[in-house]
Amino acid sequence: RCFNHSLVSYLLTISFFFRAPDPEDPFGKILPREETSWFKDDLFGLRTAEEAGKNMYESFDGDHLRFSLQDLDGWVQKYFVD
């Protein structure tokens with residue numbers, strides 16, 4: 001879960017972590033990242049990056065892209081400075 005409080009955010013989270021509609025049931029089932037062809041076939045390095053621990057995930061309360069400057073500063077410090 002990345003964004004916690006809005007319908008738009010809910011819809012974004014379906015694809016945000018590289019989830020995708022199931023080709024066999026596109027209107028009824030969303031596949032988790034690990035079950036998508038782009039992850040299993042490592043089409044653009046997503047699986048390789050995940051296995052190497054390069055993908056980072058953060059969560060915050062609020063609507064899509066309405067995080068605080070304090071949150072942003074914390075992420076910059078955590079991933080780019082420290």
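A salt bridge is a side-chain nitrogen of Lys or Arg within 4 Å of a carboxyl oxygen of Asp or Glu. By this rule, the count here comes to four salt bridges. The model is a predicted one.

**Figure 1. The whole chain holds four helices and two strands.** Read along the sequence, the pattern is α-β-β-α-α-α. The protein has 82 residues, and 21% of them count as buried. Its accessible surface comes to about 6200 Å². Carbon and sulfur atoms own 57% of that surface. Now take the contacts between residues with a separation of 6 or more. Residues 24 or more positions apart account for 30% of these contacts.

**Figure 2. Strand 1 and strand 2 pair in the antiparallel sense.** Strand 1 covers residues 20-22. Strand 2 covers residues 25-31. The pairing runs over three bridges. A hairpin of two residues joins strand 1 to strand 2. Which residue of strand 2 stands opposite proline 21? Isoleucine 30 does. In a regular strand, side chains alternate between the two faces of the sheet.

**Figure 3. Threonine 36 is buried in a loop.** The loop lies between strand 2 and helix 2 (37-40). Threonine 36 has a relative accessible area of 2%. Buried means under 20%, so threonine 36 counts as buried. What does its side chain reach? The side chain of threonine 36 reaches the backbone oxygen of arginine 33, at 2.8 Å. Leave aside the neighbours within four places in sequence. Threonine 36 is then in contact with Phe18, Arg19, Ala20 and Leu31. One of these, Ala20, belongs to strand 1 (residues 20-22). Leu31 belongs to strand 2 (25-31).

**Figure 4. Arginine 33 and glutamate 50 form a salt bridge.** Their closest N and O atoms are 3.6 Å apart. The pair links distant parts of the chain, 17 residues apart. Arginine 33 sits in the loop between strand 2 and helix 2. Glutamate 50 sits in helix 3 (residues 46-51). Is arginine 33 buried or exposed? At 11% relative accessibility, arginine 33 counts as buried. Glutamate 50, at 26%, counts as partly exposed. The backbone oxygen of arginine 33 also appears in Figure 3, where the side chain of threonine 36 reaches it.

**Figure 5. Glutamate 51 and arginine 47 meet in a salt bridge within helix 3.** The N to O distance is 3.4 Å. Why are the two separated by about one helical turn? Because they are four residues apart in helix 3. Glutamate 51 counts as exposed, at 61% relative accessibility. Arginine 47 counts as partly exposed, at 25%.

**Figure 6. Glutamate 58 forms a salt bridge with lysine 78.** The closest N and O atoms are 3.1 Å apart. This pair, too, links distant parts of the chain, 20 residues apart. Glutamate 58 is in the loop between helix 3 and helix 4. Lysine 78 is in helix 4. Glutamate 58 is partly exposed, at 24% relative accessibility. Lysine 78 is also partly exposed, with a relative accessible area of 47%.

**Figure 7. Salt bridges that share partners build one network.** Which residues does the network join? They are Arg33, Glu34 and Glu50.

**Figure 8. Aspartate 42 has a positive phi.** Most residues other than glycine have a negative phi. Aspartate 42 is not a glycine, yet its phi is about 50°. Where is aspartate 42 found? The place is the loop between helix 2 and helix 3. Aspartate 42 is buried, with a relative accessible area of 18%. The limit for buried is under 20%, so aspartate 42 falls within it.

**Figure 9. Five residues form a nonpolar patch on the surface.** They are Leu69, Leu72, Val76, Phe80 and Val81. Together they have about 520 Å² of accessible area. Valine 81 is found in helix 4, which covers residues 69-81. Is valine 81 buried or exposed? Valine 81 is exposed, with a relative accessible area of 52%. The limit for exposed is over 50%, so valine 81 passes it. Helix 4 also holds lysine 78, the partner of glutamate 58 in Figure 6.

Notes:
Residues numbered from 1 in each chain as written. Predicted model: local features only at pLDDT ≥ 70, side-chain atom pairs only at ≥ 80, totals over all residues. Heavy atoms only, no water. Buried < 20%, exposed > 50% of the residue type's maximum accessible area, 1.4 Å probe, protein only. Polar contact = N/O pair within 3.5 Å; in protein donor to acceptor, adjacent residues only side chain to side chain. Contact = heavy atoms within 4.5 Å. Patch = residues over 30% accessible without salt bridge, like charges linked within 9 Å, V, L, I, M, F, W, Y side chains within 5 Å. Areas by Shrake-Rupley, 256 points an atom, 1.4 Å probe, with all protein chains shown as cover. Pairing = 2+ DSSP bridges.
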